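Colleague: I'm new to this one, so could you walk me through a few of the labels? I'd like to hear what stands behind each of them.

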Amino acid sequence: MTPPDAPHNRWSDLDRPPLNGTALRRGLLRPDTLWTSLEVVESTGSTNTDLAGRARDGAVGEGTVLVAEEQTAGRGRLERTWTAPPRSGLFFSVYLEPGDIPVERWGWVPLLAGVAAATGLAKSAGVDMSLKWPNDLLVGVAGEERKTGGILGEFAGDGIVVGLGINVSLRADELPAPTAGSLALAGAVSTDRETLLRAVLRSLEDWYGRWKQADGDAAASGLQAAYAAGCATLDRTVRAELPGGTSLVGEAVAIDGDGRLVLSTEDGLQQPVSAGDIVHLRGAAGGLT
């Protein structure tokens, strides 16, 4: 290992080699694929902020991928920060243009990214993955559910930017919170970030293609069923902390056609939740393999 006072260079942590942008472009950018451009930068504040700015300026097209070895101002849902050591994870954003698909269906795109990421990582890392509604990726570490990734979508230009942050090789003493985890701590058979990134992007292309072919219909494309099958939030008692400071407790019973979480409350009502922070209180966990 490099001594702590040694000058930093791109190979200072041999357990965390840099991504090879040329190899990634060679493997992913083909005429018949979704991905049209892929850039790897050493460090940036937020790949979502950067890509959204370019989209608003009309400087990017569909299929653009921006990857950072380090994010210094990464953003999660509800304006939370996302930080991790350089090259310890996958920090990237993609730009998609659903085109003629009704804009009210675009809200499914971040959930679609969750299904795609969980599916791709389960196959390439050999780790059981599940989804916490709406956009967290969960793994099991020492018998506990831990968040190993998050997804953030935002409208920009004529499309939507979807950012993903995935903890890959974080060690226990590097975790930002007791509820966090990483693929390595979950027993991943591979933590090669290039392999994992290719798997996630290919899975995302597949699911996005299915969804677009079905005109954004989550049921017809199989997306709604796939999300429900991998959602650890369903069949549990949860507390939804809603915008405005209110909260709602109930059993999570379904994901509806608009991607909302449906709660069955004590008074017998079924209440759809479209936005908020979900706290798992008790019940069975789901899995996506």
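Colleague: Why does Ser 203 count as buried?

Modeller: Buried means under 20% relative accessible area, exposed over 50%, and partly exposed in between, with a 1.4 Å probe and protein chains only. Ser 203 has 10% relative accessibility, so it counts as buried. Bear in mind that this is a predicted model: local features need pLDDT of at least 70, side-chain atom pairs count only at pLDDT 80 or more, and totals for chains, interfaces and linings use all residues. Residues are numbered from 1 along each chain as its sequence is written, and side-chain values use heavy atoms, leaving out hydrogens and water.

Colleague: What makes Glu 145 and Arg 236 a salt bridge?

Modeller: The rule asks for a side-chain nitrogen of Lys or Arg within 4 Å of a carboxyl oxygen of Asp or Glu. For Glu 145 and Arg 236 the closest N and O atoms are 2.9 Å apart, so the pair fits the rule. Glu 145 lies in strand E8 and Arg 236 in strand E10, so the pair ties together parts 91 residues apart in sequence. (Strands, E, are DSSP runs of at least two residues, numbered from the N terminus.)

Colleague: Which of these labels fits Arg 236, buried or exposed?

Modeller: Arg 236 is at 10% relative accessibility, so buried is the label. Its partner Glu 145 has 32%, so Glu 145 is partly exposed.

Colleague: How many salt bridges does the rule give?

Modeller: The count comes to 14. Among them, Arg 260 and Asp 256 meet at 2.7 Å, N to O.

Key: Helix = DSSP H or I, 4+ residues; strand = E, 2+ residues; numbered from the N terminus.
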